[in-house]
Amino acid sequence: MSLDFQPLLSTTLLAILLVPLLALTLAGIYFRQRGSLLRLVALAAFAMALLNPIVVNEQRDPLKSVVAVIADRSQSQDLGNRSADTDAALKEVQTELARLPQFEVRTVETGRASENDDATSTRLFGALNGALRDVPPSRVGGAIMITDGQIHDIPANQAGLGFNAPIHGLITGVPNEIDRRIQFVRAPRFGLTGKPQQMTYKVTASGEAPGGSARVHVRVNGNETGSEDAIIGEEMPLEVTLSRAGVNIVEITVDPIPGELTGVNNRAVAMVDGIRENLRVLLISGEPHNGERTWRNLLKSDASVDLVHFTILRPPEKQDSTPLPELALIAFPTRELFVDKIDQFDLIIFDRYQHRDVMSLLYYDYINDYVQKGGALLIAAGPEFAGQMSIANTPLLSVLPATPTGNIEEKAFYPRLSDQGKRHPVTRGLEGSTQEPPAWSRWFRVIDVNPPEGSVIMNAGDRPLLVLNRIGDGRVGMFLSDQGWLWARGFEGGGPHAALYRRIAHWLMKEPDLEEEALTATGNGRNLEIHRQTMQKTAEPANIITPSGKTRSVPLTETEPGVFTASVPTDEIGLYQVANGDLTTLAHVGPVDAPEFTDNVSTQAKLDPLARETGGGTRRLRAAANQSDIEVPNIIASRGTASASGDNWIGLRQTNETVLKSVTRLPLFSGFLGLAAMMLVLGGMWYREGR
């Protein structure tokens, strides 16, 4: 209830009327004239009538204070009993608040990945601001956060909150937790294959004194390359050699310690793209022919290829007494190439070569050893392969995937992919192969061979045309026709000779993307993309181990012949292990240096300063690791700005805000009440003056 004035005249007019009358009345009182006091009362009644006082009665209802309860569901909360403790604490807090009708409770569970958030950090105050966005600061009663304390968006001070109310933290986890973590400090994105790459890493530990040692193991593409002792807390140098072109996975792991919180962050990976510095290719042409230039042009067009090419110019039928060394423009370094430096070549190509006295039989043995130890050999066969001087009649026979029958078929045919070729990465999806007849030109010669070993991926009618085989650690390819130059020259529209020849060469040199049996996985946003190449017609489901150790099986779908894929949505950031059959691979989803994994040890230290500044505080739900049940403090309603936290209680502030429901207005000097007062005063004056 309140008193309000609504004058009938403006302030100026009121002053003009009342000030002179008041002066005269006060003068009469001063000179002690009879009736002066009665005149003052009449003037007061007249003034009140003009000022029009009104009694206002407002009906108001109190508003509820808004309290936010924030439950941390970030990935670090999955450790130990934290998730279960969070569930229990949230339930008890909600029960306590339900007994306090003066509070409106808003519960937010945050920290897991959503469509617009990769959950790379724990941002509880962002969730708090979102929950209270439509609430005036005066109505905020406070906030209760159930978390492990690893929060990455804590304001610097209370002013950053935007309201004046207590913040309370209920901390999951237990005191004195122990945890090791390993991470790359510096790692290159690209590196030359076969050359040492310099990296640095660091092992950190909570609960261990700096300066101690930890055993670190190093793996490259799944193969352990060494181990060493690292000093905890110091950057350590690491030298690795990339084993292949394409993506190389460098993995470092640190041995766990007893009682460690989690082993999730005991492993770190770096993805390094391997680049071949130069591909060294030895091309040996048996004689000049139409297709010789095709091979040479293809290899010379690639700036990353160092080509050594020589051609035998004198055919066997041209015999004279000139010694072979004197026929060459320069002395041909056969021993240097085939004995001393043969291991330096990535690929050796015999292009329509037949055995002559240029190479002794011993050199073929060196080529055999070169292939067995991991080298690559390609035979581009012509008519000479079916003759008496065929290289199939040399010690090279032991690594050849097919031997000639002696027959040569010369008639037009379309090279076609075999059933295996439709699935093999060398020929799969080759431009023009899906049409019938294929959208490329015909060839006119094929060398007949006995049933070959390995994979026949292209046919000439019912005869093998392109054969690929593995010999020991190396690989051998055999092209049973010398007609590929017809595609290069554009005969009948030509064909994809460059793509085919390049794929063959790269398969021979073990390009990872061209492996028949391969499993790769990559992180794409929040999805784990799995890619499986196989020569089989079906693929088993892929088995996934998440960063937290959970396992799941994912079916693979065939997207093209020989390729099975899956896209798996994830809610965890970190290193995933994928297995399919005998193949395994690793993939990292999300940022490698995500703040969520910087430290997993629960703590009060981060949130406590801000909580105390607001009048709140932090406390652990479990005071010790052997405590059987959590302890949630009592919740009470408080007023004022005093501390809102005690030994076994936490307080939330009640607001003084109200909402107006109705208003009643009663004028004091209007109607009969005002008329009666005026009549009484005027009558009194008349009576006094009449005497």
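Helices α5 and α11 are roughly perpendicular to each other. In this predicted model, α5 covers residues 292-300 and α11 covers residues 497-508, and the two pack at an angle of about 70 degrees with their axes 11 Å apart. Angles of 65 to 115 degrees count as roughly perpendicular, so the description applies to α5 and α11.

On the α5 side, the contact is made by Thr294, Trp295 and Leu298, which meet His497, Ala498, Tyr501 and Arg502 of α11. By residue class, the contact of α5 with α11 divides into four nonpolar, two polar and one charged.

The backbone has some unusual spots to note. Most residues other than glycine have a negative phi, and most peptide bonds are trans. Asn176 and Arg352 have positive phi values, as listed below.

| Residue | Phi | Loop | Relative accessibility |
|---|---|---|---|
| Asn176 | near 60 degrees | between β6 (167-171) and β7 (179-186) | 74%, exposed |
| Arg352 | near 50 degrees | between β17 (347-351) and α8 (361-372) | 12%, buried |

Which of the two terms, buried or exposed, fits Arg352? Buried means under 20% relative accessible area, and Arg352 is at 12%, so Arg352 counts as buried. Asn176, at 74%, counts as exposed, because the cut-off for exposed is over 50%.

A cis peptide bond is found between Glu436 and Pro437, with omega about -5 degrees. Pro437 is placed in the loop between α9 (419-423) and β21 (446-449).

How values were computed. Residues numbered from 1 in each chain as written. Predicted model: local features only at pLDDT ≥ 70, side-chain atom pairs only at ≥ 80, totals over all residues. Heavy atoms only, no water. Helix = DSSP H or I, 4+ residues; strand = E, 2+ residues; numbered from the N terminus. Buried < 20%, exposed > 50% of the residue type's maximum accessible area, 1.4 Å probe, protein only. Axes fitted to C-alpha atoms, helices over the stretch in contact; angles between N-to-C directions. Parallel < 35°, antiparallel > 145°, perpendicular 65-115°, else oblique. Contact = heavy atoms within 4.5 Å. Nonpolar A, V, L, I, M, F, W, Y, C, P; charged D, E, K, R; others polar.
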